[in-house]
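Trainee: I'm new to this one and would like a close look at a single part of it. Could you take it slowly and tie that part to the rest?

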Amino acid sequence: MKEHAYAVTVNWTGNTGEGTSSYTSYQRDFTVEGLGKPQILGCADPAFRGNSNRWNPEDMLLASISACHKLWYLHLCAVNNVNVLEYVDYPVARMVEGDAQQKGRFKDAELRPQIVISSQSDIDLAMRLHDDAHHECFIANSVNFPIKCRAVIHHQR
C-alpha cells in the first residue's frame, strides 16, 4: 500500500488585539499556505461570524469533493477512449447544525457536472464512468455522507 503525506500551514489572522477574550472579540480569518502555492484566504461561514468574501472550510470541502471526482473522471475517460472537451461542475451540499446531543455535519452533497465530449465518444460509457470515478475518489471515500452525481453530458456540436 502506498502512502502519501500532505502538509499545509493554517494561520489564524483574526486577532483584533483582544485574542479570544469573548465570542465577538475576534475575527475568524485565516490563511492556508503550502510550499510554492498561492495563499488561500479563509474564514468561517458568514452564519458563524465569518467573511463571505473568503473561502470557508465548508466551501473547501465541497470543492475538494468535486475536484477529486473530476480528476478521476478525466483519467477514466482518457483510458477508456472518451474524449472530454469541457467539464464544469456546479456542486451543492447541505450541512445541518447540531444540538446538544449531535454535532453539526454535512448531510449530503451533489455533483452537477456539465460535460462536452467529442462526437466520436460513447455517451453511455461517459455516463457510466461517473460511478467508477466516485468509487475511486479519495475524498469521497473519506467522508461519511452520501454524494450523488447528476451529470449532463453532450456531444460536441
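Where is the place of Arg49 in the chain?

Mentor: Let's start right there, keeping in mind that this is a predicted model. Arg49 sits in the loop between β3 (40-42) and α1. Its phi is near 70°, a positive value in a residue other than glycine. As for cover, Arg49 has a relative accessible area of 42%. Buried means under 20% and exposed means over 50%, so Arg49, at 42%, counts as partly exposed.

Now step back to see what surrounds that loop. The chain has 2 helices and 9 strands, and going along the sequence you meet them as β-β-β-α-β-β-β-β-α-β-β. The radius of gyration is 19 Å, well over the 15 Å that the globule rule gives for 157 residues, so the chain is more spread out than a compact globule. Along the principal axes, its C-alpha atoms fill a box of roughly 65 × 40 × 40 Å. Of the 157 residues, 31% count as buried. The chain exposes about 10,700 Å², and carbon and sulfur atoms supply 51% of that area.

Follow the chain on from the Arg49 loop and you come to α1, which takes us to the core. The largest nonpolar core has 25 residues, and those with the most contacts inside it are Tyr73, Val82, Val84 and Ile115. At least two core residues come from each of α1 (57-79), β4 (84-88), β6 (105-111), β7 (114-117) and α2 (123-136). Among the contributors, α1 gives the most, with 7 residues. That fits a broad tendency: in soluble globular proteins, nonpolar side chains tend to be buried together.

Val84 is a good residue to click on here. Setting aside its neighbours within four places in sequence, Val84 is in contact with Tyr73, Leu74, Cys77, Ile115, Val116 and Ile117.

Between α1 and β4 there is another loop, and Asn81 is found in it. Like Arg49, Asn81 is a residue other than glycine with a positive phi, in this case near 60°. Asn81 has a relative accessible area of 68%, so this residue is exposed.

Next, go to strand β7, where you'll find Gln114. Gln114 counts as partly exposed, at 34% relative accessibility. Leaving out neighbours within four places in sequence, Gln114 is in contact with Glu86, Tyr87, Val88, Tyr90 and Val152. Gln114 and Ile153 are 39 residues apart along the chain, yet their C-alpha atoms are separated by 6.1 Å. For the chain as a whole, take the contacts between residues at least 6 apart in sequence: 54% of them join residues at least 24 apart.

For a contrast, try Gln102, in the loop between β5 (92-96) and β6. Gln102 is partly exposed, with a relative accessible area of 44%. Gln102 and Pro91 are 11 residues apart in sequence, but 26 Å apart in space, C-alpha to C-alpha.

One last thing, about charge. The chain has 15 positive and 18 negative charges, and the mean positions of the two sets are 2 Å apart.

So, back to your starting point: Arg49 is a partly exposed residue, placed in the loop between β3 and α1, and α1 is the element that gives the most to the largest nonpolar core.

Terms used: Residues are numbered from 1 along each chain as its sequence is written. This is a predicted model: local features need pLDDT of at least 70, side-chain atom pairs count only at pLDDT 80 or more; totals for chains, interfaces and linings use all residues. Side-chain values use heavy atoms; hydrogens and water are left out. Helices (H or I, at least four residues) and strands (E, at least two) are DSSP runs, numbered from the N terminus. The radius of gyration is taken over C-alpha atoms; the globule rule is 2.2 Å times the number of residues to the power 0.38. Buried means under 20% relative accessible area, exposed over 50%, partly exposed in between (1.4 Å probe, protein chains only). Contact means heavy atoms within 4.5 Å. Accessible areas come from the Shrake-Rupley method with a 1.4 Å probe; for residues, only the protein chains shown count as cover. Lys and Arg count as positive and Asp and Glu as negative; His and the chain ends are not counted. The place of a charge is taken as NZ of Lys, CZ of Arg, CG of Asp or CD of Glu. A nonpolar core is a set of buried Ala, Val, Leu, Ile, Met, Phe, Trp, Tyr and Cys residues joined through side-chain atoms within 4.5 Å.
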